[in-house]
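The following exercises ask the reader to work through a protein and its ligand from the atomic coordinates. Please inspect the sequence and the structure before attempting them.

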Amino acid sequence: MTQAIDSKHLLLWKRHGEEHFANVKYGYWVLLVSIAYICVLFVIRRFRKINNNIHKSDLFWSQLYSVNPFLHLSLILVPSFLLFYYPHGNLSLYSKRLGRLSYVLVSLNLFLGLKPSLLQGYTYNDFVPLHKWLSRAIIIIAMIHALGFLVKWSMDEQVSFVAKISNIWNLLGVIVLLSAFLLIFISIKPIRTRYYALFYIVHNIVDFLLVTVIPLHARPGVTMPYFLLNLVLISCHIILRIKNTKQFKISSRIDGISQSSNLTVIKLPRNLLPSNFPPGTHIRVSPYTKYHPLYWLVPSHPYSIASLSEGDEIILILNESTFKFEDTETYLLQDYFPANLPLESLSNCEKTLIVCGGSGISFGMPVFNFLQKMNSKQIVRLIWITKRFEDFKFLSSLVNLELGKDMEVYVTENIKDGLVSHAEDFEMDLLVNNRRINWETDLLEFTGEDINEKSWMICCGPEGLISDAQKFASKRNINVYKEFYNL
Ligand SMILES: Cc1cc2nc3c(=O)[nH]c(=O)nc-3n(C[C@H](O)[C@H](O)[C@H](O)COP(=O)(O)OP(=O)(O)OC[C@H]3O[C@@H](n4cnc5c(N)ncnc54)[C@H](O)[C@@H]3O)c2cc1C
């Protein structure tokens, strides 16, 4: 009898040991998938320099190239779940497995969030949508892991639910999970955009808790290699955030408010940036020094550089909301981040259409000026859609942005039945249309037969404008480059 019990215990003990190691092995599999995924990312842009083919048949390629979050999330999760099934699996094993899966994916998520991206051919902006969805997936997987244990404990008569949940190591997991719930709630779009700084603080705190507390909670342990890997990645985040910082004061600030414009022009000392930087580059600025805790907790502010590198000053065009530049204050330049514009392809193509909305002009204008200088034979057209005529009046009176006949402005406030007025007071061969743009009729030049996969459209501004521009371009197989101002 005793012998029979002993052999039963031995069997259970052996099976527990097997399950233990099965989950450890599963963690290595997910790590391998993450590394393979990073290699795939590298190969995509190493061997295909630009996304220059968006034919319908190539939709898959186009989405792959532009890091479509759902496609890329599938590339990560489907292989991760391939080895999820375990022949003698039970609720406990699968719940633990999910916990391990979520923690291993944190390393990949930390890697994708690096600013600037360490992957050649990518900017950190390319990964923002995927980073958001991967974070959500990680939290949902962790929640299912917790739910699995709650169900197991409540069904198992041999264990006390209260004792299990109040066990300090389990409690740590519950605390991280509750904070993750809060993050999911705050990251809902209307809340996130309204309280962006709060969202960012909670995001950083939850990240920190997830990385540091879960190694105490997880059994079998995750310290080696995942926690150490995450520490290395967090160190990279810290180094990248301080390595190129520079303190500065603004050179001048010109408010458009006196002229009823919402725009503000800020000029910064030229020596903040290297002698050469490509058009479309943006900087990130913080009002705090790097020793101030808020430098690490709240987001820095990204702003496109509206001037070209040949200019004597760095010009920013802002539509300020909460954060405002003051003449007397000192600011910290975190770093500068070139856009991923395919400049070679753009310089050699025949037609480029740049469409920007509101303060998106700060991105469109330097690209427009650059392309006009690079290839005088090319047709480059800049369309600026802005709310008020005063925005245009203010900007063109202030900043020598080399406006020319290839620029058109659409003023959308106080629309007077499609009136087209000449801006005679600026002595420019330029049209100001007091109406919404009609993509089909206003862009005839870009609908003809000579439009092909070598033509480009660059758009920057609110999401709605970018999606209309994308639809227009997709119908005609025109290449598109999009710059989002809301992350
Ligand atoms: C690559 C890039 C380039 C940009 N260039 C310009 C530019 O040239 N001119 C310009 O006027 N604006 C630009 N923006 C937008 C600008 O950075 C934000 O509007 C600004 O940081 C808002 O700061 P705030 O504290 O005043 O915002 P809040 O009043 O807190 O929020 C206003 C809006 O800005 C968003 N926001 C807040 N902080 C950030 C942040 N750190 N990153 C992204 N979005 C944020 C919020 O979601 C909200 O929708 C750019 C954004 C990006 C991503």
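Five exercises follow, each with a worked solution, and they concern a predicted model.

**Exercise 1. Overall composition**

Determine how many helices and strands the protein has, and what percentage of its residues count as buried.

Solution. Step 1: the secondary structure consists of 16 helices and 14 strands. Step 2: the protein has 487 residues, and 49% of them count as buried. Step 3: the exposed surface of the protein is about 24500 Å², with 62% supplied by carbon and sulfur atoms. Step 4: for contacts between residues at least 6 apart in sequence, 72% join residues at least 24 apart.

**Exercise 2. The nonpolar cores**

Identify the residues with the most contacts inside the largest nonpolar core, and the element that gives the largest share of this core.

Solution. Step 1: the largest nonpolar core comprises 46 residues, and Leu105 and Leu112 have the most contacts inside it. Step 2: two or more residues each are given to this core by α1 (2-47), α2 (59-65), α3 (69-82), α4 (91-112), α5 (128-155), α7 (168-186), α9 (196-217) and α10 (223-242). Step 3: α4 gives the largest share, ten residues. Step 4: beyond four places away in sequence, Leu105 touches Val30, Ser34, Ile76, Leu77, Leu134, Ile138 and Ile141. Step 5: there is also a second, separate core of 33 residues, including Ile317, Cys356, Phe392 and Tyr481. As general background, nonpolar side chains in soluble globular proteins tend to be buried together.

**Exercise 3. The shell around the ligand**

Establish which residues come nearest to the ligand and how the residues of the shell divide into nonpolar, polar and charged.

Solution. Step 1: there are 23 residues around the ligand, of which Pro302, Ser321, Thr322, Phe323 and Ser362 come nearest. Step 2: by type, the shell contains ten nonpolar, eleven polar and two charged residues. Step 3: β5 provides the largest share of the shell, four residues.

**Exercise 4. Oxygen atoms of the ligand**

Find the distances from oxygen atoms of the ligand to polar atoms of Thr193, Pro302 and Tyr485, and state how much of the ligand's accessible area the protein covers.

Solution. Step 1: a polar backbone atom of Thr193 is 3.4 Å from an oxygen atom of the ligand. Step 2: for Pro302, a backbone N or O atom lies 2.6 Å from a ligand oxygen atom. Step 3: Tyr485 contributes a polar side-chain atom, 3.5 Å from an oxygen atom of the ligand. Step 4: on its own the ligand has 870 Å² of accessible area, and the protein covers 87% of this. Step 5: the elements that give two or more residues to the surrounding shell are β4 (282-286), β5 (301-304), β6 (313-318) and β14 (479-484).

**Exercise 5. Backbone geometry**

Locate the cis peptide bonds at Pro116 and Pro225, then describe phi of Val67 and state whether Val67 is buried or exposed.

Solution. Step 1: Lys115 and Pro116 are joined by a cis peptide bond, with omega about -5°. Pro116 belongs to the loop between α4 and α5. Step 2: the peptide bond from Met224 to Pro225 is also cis, with omega near 0°, and Pro225 is placed in helix α10. Step 3: Val67 has a positive phi near 55° although this residue is not glycine. Val67 is located in the loop between α2 and α3. Step 4: the relative accessible area of Val67 is 1%; the limit for buried is under 20%, so Val67 is buried.

How values were computed: Residues numbered from 1 in each chain as written. Predicted model: local features only at pLDDT ≥ 70, side-chain atom pairs only at ≥ 80, totals over all residues. Heavy atoms only, no water. Core = buried A, V, L, I, M, F, W, Y, C linked by side-chain atoms within 4.5 Å. Buried < 20%, exposed > 50% of the residue type's maximum accessible area, 1.4 Å probe, protein only. Contact = heavy atoms within 4.5 Å. Near = heavy atom within 4 Å. Polar contact = N/O pair within 3.5 Å; in protein donor to acceptor, adjacent residues only side chain to side chain. Areas by Shrake-Rupley, 256 points an atom, 1.4 Å probe, with all protein chains shown as cover. Nonpolar A, V, L, I, M, F, W, Y, C, P; charged D, E, K, R; others polar.
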